Amino acid sequence: NSFVENESQDDSGKDLGKIYCTSEIQAAFILSSFVTFFSGLIILLIFRLIWRFIRKWRNIKGTGMFLKLILSHGIFTKRFNSLHFQGIFRDRIEMLLSAQTFVGQVLVILVFVLSIGSLVIYFINSTDPVGSCSSYQDKTIPIDLTFNAFFSFYFGLRFLAAADKIKFWMEMNSIVDIFTIPPTFISYYLKSNWLGLRFLRALRLLELPQILQMLRAIKTSTSVKFSKLLAIVLSTWFTAAGFIHLVENSGDPWLKGTNSQNISYFESIYLVVATTSTVGFGDVAAKTSLGRTFIMFFILGSLVLFANYVPEMVEFFANKRKYTSSYEVVKGKKFIVVCGNITVDSVTAFLRNFLRLKSGESYTEIVFLGEVPPSLELETILKCYLAYTTFIAGSALKWQDLRRVAVDSAEACLIIANPLCSDLHAEDTSNIMRVLSIKNYCPRTRVIIQILQSHNKMFLPKIPSWNWTAGDNIICFAELKLGFIAQGCLVPGLCTFLTSLFIEQSKKVTPREPWQSYFINGLKNKILTQRLSDDFAGMSFPEVSRLCFVKMNLMLIAIEQKSIRLILNPPSQIRLCKNTLGFFIAESSKDVRRAFFYCATCHNDVYTPELIGRCSCKNKNHQRLHLPGTATVVRKRNLREFFSDTLKHDFFQRRITTMFSNASIIT
């Protein structure tokens with residue numbers, strides 16, 4: 001109290017409770033923290049060296065029995081008898097501090113709230129000059145003293161629960177407590193309080209993501225990431241501003257404060273933010289040597305720190321506005337939802353096979369539901385197909401994301417697997433969980449899933465809302481490959497035949513032999529579908545197939561109509577009815593349209609396929625070609641095109657076994 005001078009008063013004469021702090025008082029506040037830190041560290045190191053010496057001495061031959069006799073009497077007996085109790089007590093404290101219980105969560109949240117309260121008190125006291133101290137007439141001082149008493153209790157619990165005391169002593173939260181709690185006891189002795197290093201309480205803001213997760217205020221990975229970035233930025237700014245505020249107002253110690261300047265805490269934050277952004281305006285600058293040295297290291301650290309985190313924050317806000325919106329359903333426009341393995345390769349292959357753009361054809365829109373925002377390469381691909389694709393960030397396991405993509409209004413939901421993953425079973429399991437989520441949200445939604453291991457197919461039909469008749473489908477390429485190999489052994493040449501129909505030949509080959517010309521021309525054929533003319537009603541399949549081959553140069557291999565399911569090469573007893581769907585082997589969709597335009601009256605004597613087209617007596621029937629819901633030409637089939645073409649006609653997926661069983665007929 002001998003260092004205390006007269007109290008200052010404001011213009012109204014009201015006592016503010018502010019007293020002048022001499023350099024000796026300021027040194028007492030700061031040295032109390034440093035002495036506590038280094039003395040505690042030295043004591044812990046000495047105890048560790050003693051313990052290691054005891055363990056080493058115990059291993060020396062003949063000394064173990066002597067040590068046991070010493071420890072079996074006196075105070076050591078009580079110590080070792082209480083080890084069991086200490087172990088239980090330590091486990092309880094660890095459980096309490098890990099926030100696994102309700103009381104532990106309340107304790108952790110309370111410590112965080114009180115730390116923020118202590119930081120707010122620092123902000124209030126920072127409006128006064130740094131050279132002044134707050135007396136106990138200031139009502140914020142007893143409050144801050146109470147907070148620090150609770151912090152001391154929490155620090156003791158953490159110290160008892162720590163397995164490695166030295167590691168605990170060097171933790172960031174421990175350093176914050178060591179440099180902020182001891183000055184509180186000095187203030188109680190001197191009956192005054194100084195700002196000192198209380199700005200270090202801002203480092204407690206780094207626990208903000210953990211607290212928000214405990215309160216269940218944030219649940220998504222993006223929100224957790226954003227809260228972490230926000231906590232790092234704020235704690236760095238507040239801590240650096242507190243140090244600048246202290247050294248600039250106090251001056252360099254070796255110059256006895258002659259180069260100090262009056263700078264507020266807000267101006268210190270302004271200086272730190274301007275320095276972080278690498279934009280130095282010069283209106284506020286550090287003048288002390290300590291402040292300038294700190295600014296030099298802070299610039300280097302901020303360049304490394306914020307160069308990594310600021311772009312992520314910008315990307316977070318940009319993607320939040322761009323990919324978190326909801327898909328707007330347009331009446332009369334069909335769309336599908338694609339989820340699962342949404343990568344550059346899978347999206348490229350899917351779009352290339354699904355969108356076979358031709359003039360006069362309208363296509364189904366594709367809504368990709370990706371769990372992570374798209375990369376720059378994927379964004380470029382999506383921009384190329386902007387008229388047909390929409391990307392929305394979300395998960396098929398969350399109903400709110402399924403609602404955003406309007407999966408209940410989609411034609412189907414396609415789940416793509418990753419065939420290059422290290423754990424095929426885990427990939428199938430995650431996709432099956434997506435099916436469960438979709439079916440629970442909307443049981444009538446059609447789901448087409450890709451399975452990597454065939455034995456995992458058995459789980460899907462057990463889902464209560466799984467409906468084969470409604471179009472739910474399972475695609476397993478491994479099973480398909482084995483089927484090709486097996487049927488290729490039974491019917492030689494079948495694999496070559498089916499490959500030429502279902503796989504697009506991208507490489508151009510110049511024929512050198514006459515037989516190669518026939519073979520290359522055969523590769524142009526593909527399987528296409530087309531509604532047959534009503535003039536074929538009442539005729540048998542052999543009659544229709546002969547007529548199509550002779551007059552239209554088309555090979556009819558199967559039919560599908562409402563009364564019967566798809567039949568490959570049906571017998572003559574089955575008669576065709578109106579609105580029958582035919583499956584052809586032909587070169588183009590233009591060729592198979594002849595089967596729809598055929599008229600028994602106008603084309604009875606026509607044997608040139610090019611002359612068979614729209615006639616005047618069938619205008620009413622021809623209009624059905626473009627009516628909604630009428631089947632049109634199926635695009636070229638590819639083994640990677642099941643998901644795309646199955647929305648129109650999934651005959652190959654549902655009837656591949658039928659085709660294999662009738663492989664000899666096809667050959």
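## Aromatic pairs and a nonpolar patch

Helix α1 (residues 23-58) holds both Phe34 and Phe38, four residues apart, about one turn of the helix. The model is predicted. A pair of aromatic rings is described by the distance of the centres and the angle of the planes. Phe34 and Phe38 form a stacked pair, 6.5 Å centre to centre with 15° between the planes. Phe34 is partly exposed at 35% relative accessible area. Phe38 is partly exposed too, at 44%.

Phe243 and Phe294 make a tilted pair, because their planes stand at 45°, with ring centres 4.7 Å apart. Phe243 belongs to helix α11 (residues 221-250) and Phe294 to helix α13, so this pair ties together parts that are 51 residues apart in sequence. Phe243 has a relative accessible area of 26% and is partly exposed. Phe294 is also partly exposed, at 24%.

The count of aromatic pairs comes to 22. One aromatic cluster is formed by Tyr122, Phe123, Phe199, Phe238 and Tyr265. Elsewhere, the charged end of Lys165 sits over the ring of Phe159, 4.8 Å from the ring centre.

Helix α13 (residues 289-323) also contains Leu303. Leu303 is partly exposed, at 42% relative accessibility. Leu303 joins Met296, Phe297, Ile299, Leu300 and Val304 in a nonpolar surface patch of about 620 Å².

An unreviewed UniProt entry lists "transmembrane region" for several spans, including residues 145-163 and 229-248. The table describes these two.

| Residues | Helix | Strand | End C-alpha atoms apart |
|---|---|---|---|
| 145-163 | 89% | 0% | 29 Å |
| 229-248 | 100% | 0% | 28 Å |

Key
Residues numbered from 1 in each chain as written. Predicted model: local features only at pLDDT ≥ 70, side-chain atom pairs only at ≥ 80, totals over all residues. Heavy atoms only, no water. Patch = residues over 30% accessible without salt bridge, like charges linked within 9 Å, V, L, I, M, F, W, Y side chains within 5 Å. Areas by Shrake-Rupley, 256 points an atom, 1.4 Å probe, with all protein chains shown as cover. Salt bridge = Lys/Arg side-chain N within 4 Å of Asp/Glu carboxyl O. Helix = DSSP H or I, 4+ residues; strand = E, 2+ residues; numbered from the N terminus. Buried < 20%, exposed > 50% of the residue type's maximum accessible area, 1.4 Å probe, protein only. UniProt positions renumbered as here; feature names shortened; annotations may be inferred. Phe/Tyr/Trp six-rings, centres within 6.5 Å; stacked < 30°, edge-to-face > 60°. Lys NZ or Arg CZ within 6 Å of the ring centre and 35° of its normal.
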